[in-house]
Amino acid sequence: MTSQFKTRIAGVGSYLPEQVLTNYDLEKMVETSHDWIVQRTGIVHRHKVAEGEGTSDLVVKAAERALKDANLTAQDLDLIIVATVSGDYRMPATACIVQTKLGAKNVMAFDLAAACTGFVYALHVADQFIKTGVYKNILIAGAENLTKLVNYKDRETCILFGDGAGAMIVSRASNTDENTVISTHCHAEGAHAELLWFEAGGTKIPFSQEVLDSGKHFMKMKGKEIFKHATRTMAAACYEALDAGGKTPADLDWIVPHQANQRITEAVANQFEFPMEKIVSTVHETGNTSAASIPIAFDMAYRDGRIKRGQLILLTAFGSGLTSGSALLRF
Ligand code: UT7
């Protein structure tokens, strides 16, 4: 199908909660050490929401920055997509709470659950709405409040995750605009769902006293297995995006990968034969913020001048599901 329109990234923004949880703080909570965490993950600290701060609050702050960057207001939005696995409520969607807090009118708003690949999924979906001419301006956000959902008795997961939100405004490009989304790809492999999940607390195993006592409502992960899948799927997704866009790794200015573990990023760079200097890495200061990690990393590199308009950028992610995906764009 030939698309009628193209999508451009009109604005970018992010927000990290003020409170910081250091590796030294974690040493007091579980049997771990600052040195182990840095060596095995690259993480030095992660941010943590304040009491009463919800995922929607994080999204609103990131979205306001992205709207300002795009020189648009909430009134210009047609659609809000919030990628998250840690929304304010099971119902309604966090995107609806964001709609009212932003003061957006006449929008469609929904949440999207693809875990750490959520933001790439959201971009993929938004791109379809723009290409088909249905909408002109879409807010896509990745946001997580994971410090509320990890078990601070499980040292394999609690050291990894942090809170935050990142957002982009994606808009219909003008006919002459060369800075557009080139290709997006998304995948799912549900056979591996149990490698990273919240086993209980859903409808399959609802909340009960037994669930609360066993801690099965907290995030559970088979870290080594996830690590292997991550390097395989992210590298494959990179090639898929480049092939579709008729580009090679040498054409890229930056890769912005999902920020899960510095060793995963290095392994992907190795498999992909790509220089680490051209990969945006923020995991040391954010930890793994799941769906928020790519837009936060993108925004940080944009704000500090590394990422510039006109550059060719590849986003790549993997996560629970298992999901994976990539997006190639001229920013
Ligand atoms: O967005 C997707 C989300 N998930 C991920 O990206 C996670 C991917 N996986 C990982 O990042 C890594 O597998 C971990 C960081 C979770 C673990 O690192 P690892 O190098 O795979 O460690 P390991 O599981 O092989 O464990 C090595 C040792 C074990 O001790 P023994 O059996 O050798 O005595 C663990 O019990 O390290 C121990 N260990 C820890 N030690 C100190 C595991 N977690 C910790 C910890 N502090 N926090």
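Me: Is Q259 buried or exposed?
Reply: This is a predicted model, and in it Q259 sits in the loop between strand 11 (254–257) and helix 9 (262–272). Its relative accessible area is 1%. Buried means under 20%. So Q259 is buried.

Me: Which backbone oxygen does the side chain of Q259 reach?
Reply: Leaving aside residues up to four places away in sequence, Q259 touches a set of residues including S281, T282, N288 and A297. V280 is one of that set too. At 3.0 Å, the side chain of Q259 reaches the backbone oxygen of V280.

Me: How many Å should helix 5 span, at 1.5 Å a residue?
Reply: Helix 5 covers residues 118–131, which makes 14 residues. The rule multiplies 1.5 Å by one less than the number of residues. The end C-alpha atoms agree with the expected span, which is 20 Å.

Me: Which residue with a positive phi follows helix 5?
Reply: Helix 5 has buried residues, among them F119, L123 and I130. Just after the helix, phi turns up positive, near 85 degrees, and the residue there is G133.

Me: Which strands stand at the edges of the open sheet?
Reply: Five strands make up this sheet, in the order 1-7-6-4-5, with mixed pairing. An edge strand here has a single partner strand, so one side of it is left without a neighbour in the sheet. That describes strand 1 (7–15) and strand 5 (108–112).

Me: What stands opposite S14 in strand 7?
Reply: Strand 1 and strand 7 (residues 163–172) run antiparallel, joined by eight bridges. Across from S14, in strand 7, is G166.

Me: Which residue forms a salt bridge with K101?
Reply: K101 lies in helix 4, and its partner lies in helix 3, so the pair ties together parts that are 44 residues apart in sequence. The closest N and O atoms are 2.8 Å apart. K101 is partly exposed at 41% relative accessible area, and the partner is partly exposed at 23%. That partner is D57.

Me: How many residues apart are D177 and R8?
Reply: The side chains of D177 and R8 meet in a salt bridge, 4.0 Å from N to O. D177 is in the loop between strand 7 and strand 8 (181–188), while R8 is in strand 1. This pair links distant parts of the chain, and the separation is 169 residues.

Me: Is D299 buried or exposed?
Reply: D299 and R303 form a salt bridge, with closest N and O atoms 2.9 Å apart. Both are in helix 11 (residues 293–303), separated by about one helical turn. R303 is partly exposed, at 49%. D299 has 4% relative accessibility, so D299 counts as buried.

Note on methods:
Residues are numbered from 1 along each chain as its sequence is written. This is a predicted model: local features need pLDDT of at least 70, side-chain atom pairs count only at pLDDT 80 or more; totals for chains, interfaces and linings use all residues. Side-chain values use heavy atoms; hydrogens and water are left out. Helices (H or I, at least four residues) and strands (E, at least two) are DSSP runs, numbered from the N terminus. Buried means under 20% relative accessible area, exposed over 50%, partly exposed in between (1.4 Å probe, protein chains only). A polar contact is a pair of N or O atoms within 3.5 Å; within protein, one must be able to donate a hydrogen and the other to accept it, and residues adjacent in sequence count only if both atoms are side-chain atoms. Contact means heavy atoms within 4.5 Å. Two strands pair if DSSP finds at least two bridges between them.
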